[in-house]
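Subject: Structure handover and notes

Hi,

Here is the structure I promised to pass on. Please open it first, then read the notes below.

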Amino acid sequence: MEKVKKKIGSFSFWNWVTASIIFRLILIYFPKNLNLSSRPEVSTPLTSFRRLAEGYWLKQSFMSPYAGSMYHGSPLLLSLLGPLTINRIEGQPNHLLYSLVSVIADVVSAMLIRATGQNLRLAYLRSLESLDLVKQIEVSEFLFSGDIAALIYLCNPFTIVACVGLSTSPIENMAVILCLYGACSRLIPLAAFGWVIATHLSLYPAILIIPVIFLLGCGPDSPPRKLFLQRHQQKEVLNQSKLPPRFSWGPVIHFAFWAFLWSVYVLVLCGISLKQFGGLWEMFKSTYGFILTVEDLSPNIGVLWYFFAEVFEFFRNFFLIVFHVNILFMILPLAIRLRHRPCYLAFVYVAICSMLKSYPSVGDSALYLGLLGWFVNELADMQFSLFLFCGYVGVSLLSPVMHNLWIWRGTGNANFYFATAMVYACLQIVLVVEGVSAMLNHDRKLRNLITGKPQDAKS
Amino acid sequence: MVLLQRPHILLLLIDTHQFLQCWIAFGSANEEGQQQEEFSEELLVKPLPDHKLLAHFHFQSSAPPSTSNGCHHHLFPKAISQLVQKFRVKEMELSFTQGRWNYESWGGFDPISSSNAKPPGVELWAVFDVPQHHIDASWKNLTHTLSGLFCASINFLESTATYSTPEWSFPPASGNVRYGTFPCEAVCTENLTPWLRLLPCRDKAGIALLLDRPSLYRGFYHSQRLHLTSTESSSEGIDSGIILEQTLTVVLQPNSERAIEVHASEKHVQPSWSLSSIFGKQVSGRCVLAKSSSVYLLLDWGLVAELKFPNKENGKSAANGLTSENFWSNPSFELSVNPDRIFLEESSSHSKSLSILYMFQVEKYSESEPFDIGLMWKVPVAWLCQQTPLHASRFFMGSGNERGAIAISLKSTQFTEGFMSANSKDGSCELRVDVFQVVPWYVKVYFHSLRVFVDQQPRAVSDFIEKIHVSPSKDKMSPGVMEVVLKLPCRVNTAALTIEFDKGFLRIDEYPPDANQGFDIPSAIISFPNFHASMVFLEDDSLNRSPLLSKFQEKCPVMSYTEVLLVPLTTPDFSMPYNVSTIKCTVFALYFGSLLNVLQRRVAEEERFLKAKAAKKTGRLPLLLSKLSAKLRGSGINQD
């Protein structure tokens, strides 16, 4: 029976995957990409396709790609994707090749998410087994979180829009997922590669080093170690083999070595490609410097652009520090509280970054919404999920309308659009807070099951 | 005693005055080695096809290189010479313009329009004779000095975001050029007065007397220009010689009373005018300090061709006679004053006809007999001025405040047709067009989106663009500069360049007070380096050549400026800074507080606490309160 169910599940999974790919291909064939490539929600100054093309053009005409304030991405992307901005097949839409690359990146990401999700599910089942909770929690009703996460990632309108809108975020997302996949399946060089590339492309994934270290040190998500000890004290037999492994430094050192190797490699490659135009310092100044100083004030779905357009010049530096430190402040408390669930920690970090980053786009939201699919079983009790869903739908419908009113028709003003951005930020805050709270409650529930307390620990 | 002395002083004054005059008159010729400072004033009047009149004032002061002068000058304005010496300016041009030169009806292929038709607002370029790394500092100082000198906001050109460094398309090709424009400057009499102050006679005598402010600013086009060139000092210790050329070009509408009375049939008769009717003033003699002072009346070759002078065939022989009455008493018009000399253009590329220049010496006139020429038209004439090879115009494409495109369109004029027919023998005829375009940083141009349309067909960029130089704009740092050399086939009808841009978003304090008015994009310069506008007039004595005519003889490439574009940028809500800060910070506090709350919450302890509280029905607070009240009561009793 279960086998049949699984078969049906996997069959419909592949159906959905092909459907989403076909949908993307159809959208690509629309003339001018439905103007998605110039939407502020899709293309930020960092991920915009037109800016990439401009950087490539500057490089082709023997100028530094960073000569103007146009291109702020990596020089490697320029070498890899740049030629695709010009090459075209006769009789086909102009950016077909580039769009195909994004579609492939999306599919690869979805497959990696699926593999990681299966890995996580197995680890979760194993830990439940070792806690003897298999009967109390109906394992048979467990969803295939890997498939669900992959489908959420592939069929999410945000992902589709980011892919068809020719932004570089599918590739950035792929690097992040590659890093998590490598860490989950203990492919240390791959994890290091993903981490280095993701950091190189968009800086914020640098903080993923903490979940990756936990993943490599203690293995994938499991209930807190204390529970296992309690369980075994109850049974009064200390079966070492059933305990989750203690933190081991070996893979971490291995990871550090590989990360160092890859970053040197990436820097050398960048240095070679920028040898005649100002070198690495210029690259850091116009990529990381541009991210950190929020120079471009064009509207996006984040909240920083309007703030820095309005704030008095005198306070600019102060607020820059405050907002960036806000991301860093939360790293430590979250790491302490969720250290036994490194993948979930990674999800929370990704969500926080995409909420507080200087130039957010829907591609970033697509990533953390996809990762959220991994934890469907643990987060089944999450509050406000309907409210959040409706909020996301409402904001993604209202935000383009407000943008149109302000920019194109001139009947609205900037506050209209900013209001939707604020609502979006609040929704993300609620998602993160409720998600963290639901995960902590889930751990409490497991503890209560072990200690035999009644299940009233929901708060 | 006092009474006796007075005539003496008067006599002395007259004496010195006369001596001074003689001395100045001899100035240029008396010594071979040491030249003297010179000043000359000229006015050129030219009827325009669309019933308007062009008046072009040309004042030239020159200071020869000398050791003795130092900072002492006789005629030359001290402010200018100090400026040249301090900032080591090699060449500089500053123009204040109001109105737009109408290239279609006022012509674009003559020396006046190629060097005096300027973009609206202020345009300044300068070439410095200093090492590369000092140029920007010199430029900054120069803009501030000029700003003070001319009561204008030239100091806005100080910031690096407003001026650019043309590489090769700008005429004085050299790496030391800095070019800046400020299109939104409103030019008015406050800029003219300091400009006039540089003239030795100001506007108190000579031709400058005509510069009556109300009639000048009533005109359709008004451009005051200051051009200075400093000659290289040959040896150490000798100051460089400076030539300062001040021109004022005005296009006016002669308001002849007759025009109202004329019948419908005479509608096309050009309005008759006289200097006094245009400017409301007359010239009462020359400026005594001027070496030469003359007024010219230029009849365009197109006009001359229409007028049909009786002896057009043997025009050259008549020009040698110079007194031939045929040239100024014509059946179609009548001059109120007999010209002193008549010049015929030596040769011209068009060869249809030759321009005629009438010269009037102002020296002959005095206050009792003021100089006032007038032109009375008898028959209607219609003619066309010679236009630039391609007529350039520029416009925006797209709508909305997010993005758009700039298009520069070039249309062939009647000139190109003639040129094409002349050069049709060899098939490979090419027309070279240089385009120089500066865009401010908030118009973020995508240079890769440059497209070329020839005869309304999209064409490959590399086929028509021979050379391109681009310096992309840096936010708040430098403007974007695009220099393109186009090679177009001669039989081209239309050509267009389009380039896409995104509109930038500024901080609230970067917007000008009238933020919704929009921002100006400076004019593009379209030049045709293969064509030179020059007019060579037959003159017998080349020694005593007038500066204006020698200026006309210089070969300057044909240039035209496109329109200034006004780009509206989106504005934020200017009343919101505090609201945005507070709302934003509230959201951050919400995030930080609630997440931290979730993380540090200990549900088990809370439960224990609640249970304990439930067990002890009487809470701690009532207990405390009862204790407190008891104490208070007790103390109160004690005090009582």
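Is Arg341(A) buried or exposed? Arg341(A) is buried, because its relative accessible area is 0%, and buried means under 20%. Please keep in mind that this is a predicted model.

**Chain A: Arg341 and its surroundings**

Arg341(A) sits in the loop between helix H16 (331-337) and H17 of chain A. Its side chain makes a polar contact of 3.0 Å with the side chain of Asp443(A). Asp443(A) is also listed among the residues that Arg341(A) touches. The others on that list are Tyr124(A), Asp221(A), Ser222(A), Pro223(A), Glu378(A), Met439(A), His442(A) and Leu446(A). Residues up to four places away in sequence are not counted there.

Look at Met439(A) too. Along the chain, Arg341(A) and Met439(A) are 98 residues apart. Their C-alpha atoms are separated by 9.3 Å.

**Chain A: H17 against H20**

Met439(A) turns up again in a helix pair. Helix H17 (residues 342-356) of chain A packs with helix H20 (residues 414-451) of chain A at an angle of about 165°. The two axes are 10 Å apart. H17(A) and H20(A) are therefore roughly antiparallel, since angles over 145 degrees count that way. Their crossing is left-handed.

Which residues of H17(A) meet H20(A)? From H17(A) come Tyr344(A), Val348(A), Ala351(A), Ile352(A), Ser354(A) and Met355(A). From H20(A) come Ala425(A), Gln428(A), Ile429(A), Val432(A), Gly435(A), Val436(A) and Met439(A). The residues of this contact divide into 10 nonpolar, 3 polar and no charged.

**Chain B: overview**

Now chain B. Chain B has 17 helices and 27 strands. It has 640 residues, and 52% of them count as buried. Take the contacts in chain B between residues at least 6 apart in sequence: 76% of these join residues at least 24 apart.

**Chain B: Lys118**

Where is Lys118(B) found? Lys118(B) is in the loop between helix H4 (111-116) and strand E4 (121-128) of chain B. Lys118(B) counts as buried because its relative accessibility is 6%. Its side chain makes a polar contact with the side chain of Glu93(B), at 2.4 Å. A polar contact of 3.4 Å joins it to the side chain of Tyr561(B). Besides Glu93(B) and Tyr561(B), Lys118(B) touches Ser95(B), Thr97(B), Glu123(B), Tyr221(B), Ser223(B) and Arg225(B), leaving out residues up to four places away in sequence.

**Chain B: helices H2, H5 and H6**

Helix H2 (residues 78-87) and helix H5 (residues 135-150) of chain B cross at roughly 170°, and their axes come within 10 Å. That angle makes H2(B) roughly antiparallel to H5(B). On the H2(B) side, the contact uses Ala79(B), Ile80(B), Leu83(B) and Phe87(B). On the H5(B) side are Ser138(B), Asn141(B), Leu142(B), Thr145(B), Leu146(B) and Leu149(B). The split is 7 nonpolar, 3 polar and no charged.

H5 is also one of the elements that the buried residues of H6(B) pack against. Those buried residues are Asn191(B), Leu192(B), Pro194(B), Trp195(B) and Leu196(B), from helix H6 (residues 189-196) of chain B. They also pack against strand E2 (53-63), strand E3 (89-98), helix H7 (213-217), strand E7 (221-230) and strand E8 (242-252) of chain B.

**Chain B: Leu298**

Leu298(B) lies in strand E10 (residues 292-299) of chain B. Leu298(B) counts as buried, because its relative accessibility is 0%. Among the residues Leu298(B) touches are Leu44(B), Pro47(B), Ile356(B), Met535(B) and Phe537(B).

**Two positive phi values**

Most residues other than glycine have a negative phi. Leu166(A) is not a glycine, yet its phi is positive, at about 60°. Gln456(B), also not a glycine, has a positive phi of about 65°.

Both are in loops, so check where each one sits:

- Leu166(A) is between helix H6 (157-164) and helix H7 (169-184) of chain A. Leu166(A) counts as buried at 1% relative accessibility.
- Gln456(B) is between strand E19 (443-454) and strand E20 (457-459) of chain B. Gln456(B) is exposed, with a relative accessible area of 65%.

Best wishes

Definitions and conventions. Residues are numbered from 1 along each chain as its sequence is written. Chains are lettered from A and ligands numbered from 1 in the order in which they are written. This is a predicted model: local features need pLDDT of at least 70, side-chain atom pairs count only at pLDDT 80 or more; totals for chains, interfaces and linings use all residues. Side-chain values use heavy atoms; hydrogens and water are left out. Axes are lines fitted to C-alpha atoms, for helices over the stretch in contact, and angles run from 0 to 180 degrees between N-to-C directions. Helices (H or I, at least four residues) and strands (E, at least two) are DSSP runs, numbered from the N terminus. Angles under 35 degrees count as roughly parallel, over 145 as roughly antiparallel, 65 to 115 as roughly perpendicular and the rest as oblique. A crossing is left-handed if the near helix is turned anticlockwise from the far one by less than a right angle, and right-handed if clockwise. Contact means heavy atoms within 4.5 Å. Ala, Val, Leu, Ile, Met, Phe, Trp, Tyr, Cys and Pro count as nonpolar, Asp, Glu, Lys and Arg as charged, and the others, Gly among them, as polar. Buried means under 20% relative accessible area, exposed over 50%, partly exposed in between (1.4 Å probe, protein chains only). A polar contact is a pair of N or O atoms within 3.5 Å; within protein, one must be able to donate a hydrogen and the other to accept it, and residues adjacent in sequence count only if both atoms are side-chain atoms.
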